Amino acid sequence: MASVLVTGPAGTLGSALIPKLVARGHDVRVLAHATAVDCLPPVQVVSGDVREGTGLLEAVAGVDAVIHAATSPFRRAKATEVEGTRQALLAADSVNAHFIYPSIVGVDQLSGTYYEAKWAAEQIVQTTKRWTIQRGTQFHPMLDRMLSHYLFPTTSRMAFQPLDVGEFADQLIALVEEAPAGRAEDFGGPELLPLREIVAARKAATKKHTVLVRLPPVGPLRALDAGRQLCPDHAHGQITWQQWLESIVALSGEPEG
Ligand SMILES: NC(=O)c1ccc[n+]([C@@H]2O[C@H](COP(=O)([O-])OP(=O)(O)OC[C@H]3O[C@@H](n4cnc5c(N)ncnc54)[C@H](OP(=O)(O)O)[C@@H]3O)[C@@H](O)[C@H]2O)c1
């Protein structure tokens, strides 16, 4: 059993991690930020901000591992990823904790503020002593959110490898239970799906429609068209996009119009 700090507990990944860590018998502490987290004891809640570095020293006291799931892809992305990771890492180092950094497949080759910030943060993580970087492909809810825009750019070959966040959380917990591994092997969803099939399945299940706008594979689209966000040799996930869509439709009662 380990004592584990999770940053970003209100997020997609953080909220999947907490019940699983508790179920595995780990002592869990979380660094809560703006969103209130509804964690019952034995989970300990410390308030703080990774960008500002507040709360971190209290939060890491006595922990064996830190899973750094705090992030802010759409607002102050670079500062949160780079400075926030630096601050969390300093705190983890001060107690010799294993720092586990969830990242995204292809961040070193994809363009865009968020990917570039994650690549910079990965390089900071690698300067420390006890670290593991675990890259994953896009979580189902993230793809769903991306496609909530009515128009979405695509290229002739653009594809994704949707991943279940619970399966990624299980993988991170397995890392907690092992020695620091450095760059772990990528972890991807079970299937590579052309974006048009992802959109068609979502429309069939939920009635939500996205219009794909075909563009040439130039600029930031070039790397996505070339599949840098994919890891076909590491398709370890089991839960498919179709299964996830069916699960959210079942939860909501009936397809939304
Ligand atoms: N989403 C994906 O498809 C995907 C795929 C592979 C890897 N990953 C990686 O997995 C990690 C978690 O992603 P996610 O999708 O779970 O993100 P998310 O849903 O956006 O959650 C981010 C969390 O970080 C917290 N946070 C934001 N700014 C903060 C700050 N300054 N100080 C402390 N906490 C702060 C947020 O709390 P508040 O709401 O309270 O601000 C929230 O709880 C990220 O490193 C991401 O790159 C994501």
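1. Helix axes here are lines fitted to C-alpha atoms over the stretch in contact, and angles run from 0 to 180 degrees between N-to-C directions. On that basis, the axes of H1 and helix H6 (residues 165–176) come within 9 Å and cross at roughly 60°. H1 is therefore oblique to H6. The structure is a predicted model.

2. The crossing of H1 and H6 is right-handed. From H1, the residues in the contact are Thr12, Leu13, Ala16, Leu17, Lys20 and Leu21. H6 supplies Val165, Gly166, Phe168, Ala169, Asp170, Leu172 and Ile173. Sorted by class, the contact of H1 with H6 has 9 nonpolar, 2 polar and 2 charged residues.

3. A second helix pair is H7 (residues 195–206) with H9 (residues 241–252). Their axes are 10 Å apart and the packing angle is about 25°. Angles under 35 degrees count as roughly parallel, so H7 and H9 are roughly parallel to each other. The crossing of H7 and H9 is right-handed.

4. In the contact of H7 with H9, the H7 side consists of Ile198, Ala201, Arg202, Ala205 and Thr206. These meet Trp241, Gln242, Leu245, Glu246 and Val249 in H9. The class counts for this contact are 6 nonpolar, 2 polar and 2 charged residues.

5. Turning to the ligand, 29 residues surround it. The closest are Gly8, Gly11, Leu13, His33 and Met142. Three elements give two or more residues to this shell: helix H1 (12–23), helix H3 (77–94) and strand S5 (98–104). The largest share, 3 residues, comes from H1. Leu13 is listed both among the residues closest to the ligand and among the H1 residues in contact with H6.

6. What is the make-up of the shell around the ligand by class? There are 13 nonpolar, 13 polar and 3 charged residues in the shell.

7. As for the whole protein, there are 9 helices and 11 strands. The C-alpha trace spans about 50 × 40 × 30 Å along its principal axes. A compact globule of 257 residues would have a radius of gyration near 18 Å, and the protein agrees with this because its own value is 18 Å.

Key. Residues numbered from 1 in each chain as written. Predicted model: local features only at pLDDT ≥ 70, side-chain atom pairs only at ≥ 80, totals over all residues. Near = placed C-beta within 6 Å. Helix = DSSP H or I, 4+ residues; strand = E, 2+ residues; numbered from the N terminus. Nonpolar A, V, L, I, M, F, W, Y, C, P; charged D, E, K, R; others polar. Parallel < 35°, antiparallel > 145°, perpendicular 65-115°, else oblique. Left-handed = near helix turned anticlockwise from the far one by under 90°. Contact = placed C-beta atoms within 7 Å. Rg over C-alpha atoms; globule rule 2.2 N^0.38 Å.
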